[in-house]
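Let's take a walk through the charged pairs in this protein. Have the model open and follow along.

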Amino acid sequence: MQVVYTPAHLGHDITVETYMGLPVPANEVAERAERIRSALVADGGFSFVDPVDHGEDPITAVHDAGLLRFLEGAWSELRAQGLSRPFLAADTYPNRAMFEGMSDQTIAKLTLEPRHIGGRAGFWGLDSAAPLVAGTYRAARAAVDVALTAADAALGGETAVYGLCRPPGHHAARSMYGGYCFFNNAAIAAEAIVRSTGERVAVLDVDFHHGNGTQQIFWRRGDVRYVSIHADPDRQYPYFLGRSDETGEGPGTGENLNIPLPAGTTNDDYLAATERALAAIDAVPGSVIVVSLGFDTYGLDPIGDFALTTEVYHEVGRRVASLGRRLVILQEGGYHRPSLGVNARAWLRGAEGRPHDPRPAGGFTEAGSVV
Ligand code: SP5
Ligand code: ZN
């Protein structure tokens, strides 16, 4: 299988994020992608290719140009405004209740983008846990090119391609970044595939968190079906979207399927949910599936609460591939660093019909022991 990878992600070198106002060690770190890369190199069955620069047009096909310009200039603007902080996070987010009772005309004025960078970060951002540093924009642009290069390979005839995207993307909406995500790599790839093939495309999101950004981008679209298996937002990020009654509107009515799951979800529960998700994809035409792949569903993940083991990733990969569609598999989350290599190897080997390899990678074995 081809793997699209670039070291450009290393410039997004996060060490600290904030959780409910307090600094905590960052989850979405460069080591994640390097763990996966080295496990796939050691496997021997993967060939690595560099991303190709695709420019801005595929990004503005799904994102507001204002978000692109904000992300491009945010770091220099932070410095220009004399703020010597290690990362940019918002000061104030516009809460809809701030405008309660005001006319639409007044609301429109109050939602103008401010000039202060802490206000601008609130204007474009979802949450305070997606720190932006000097190299973030270049890394995020490179992650988009990873996704688009993977899509090109699939359109060129590859059965399954893996884009080792970092930073991830599925929380980024048309006009919003957040949740460790800046540009929505999967949505950009899906849109590019629709435009190039004229076919319907399915996005299967198996990250632990609901991909609110992907859902938002395709909410009214009849040509992109979004199917997501994730933690119930009643108890987990992103809290405000991801419920099963969100099914799309207008031409997108019925094209959005959310499968929220409880804490402690086991392999068997997860496979049952996977069958539902795959049936929804199999029910409509199309020859490509974009997979938003997360390993924060793993039992040892520090921010997830499911109980999955490595074997289930191999089985999920196998079942997704069994639909017989070309796969553009893009990395999203997964924060238990020692297991990322074995879990990615298991999923991708399953997706290309190779047997599960129970051997450790990067010194990690399923039992959680370090050898
Ligand atoms: C792409 C992706 O997986 N983004 C996830 C964003 C999650 N942001 C919120 C993190 C909240 C961490 N909660 C820690 C609870 C520890 N018990
Ligand atoms: Zn996640």
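Start with Arg-174 and Asp-64, whose side chains form a salt bridge, with 3.4 Å from N to O. Arg-174 sits in the loop between strand 5 (160-163) and helix 7 (185-197), while Asp-64 sits in the loop between helix 2 (57-60) and helix 3 (65-80), so this pair ties together parts that lie 110 residues apart in sequence. Keep in mind that you're looking at a predicted model. How accessible are the two partners? Arg-174 is partly exposed at 40% relative accessible area, and Asp-64 is partly exposed too, at 23%.

Now swing over to Arg-120 and Glu-113, another salt bridge, this one at 2.7 Å from N to O. Here the partners fall into separate classes: Arg-120 has a relative accessible area of 15%, so it counts as buried, the cut-off being under 20%. Glu-113, at 33%, is partly exposed.

Next, find helix 10 (residues 310-321), where Glu-315 and Arg-318 sit three residues apart, about one turn of the helix. Their side chains meet in a salt bridge as well, 2.9 Å from N to O. Glu-315 is buried at 18% relative accessible area, whereas Arg-318 is partly exposed at 40%.

Salt bridges can also link up by sharing partners: that's how Asp-43, Arg-349, Glu-352 and Arg-354 end up joined in one network. And how many salt bridges are there in total? Counting a Lys or Arg side-chain nitrogen within 4 Å of an Asp or Glu carboxyl oxygen, the number comes to 25.

Definitions and conventions
Residues are numbered from 1 along each chain as its sequence is written. Chains are lettered from A and ligands numbered from 1 in the order in which they are written. This is a predicted model: local features need pLDDT of at least 70, side-chain atom pairs count only at pLDDT 80 or more; totals for chains, interfaces and linings use all residues. Side-chain values use heavy atoms; hydrogens and water are left out. Helices (H or I, at least four residues) and strands (E, at least two) are DSSP runs, numbered from the N terminus. Buried means under 20% relative accessible area, exposed over 50%, partly exposed in between (1.4 Å probe, protein chains only).
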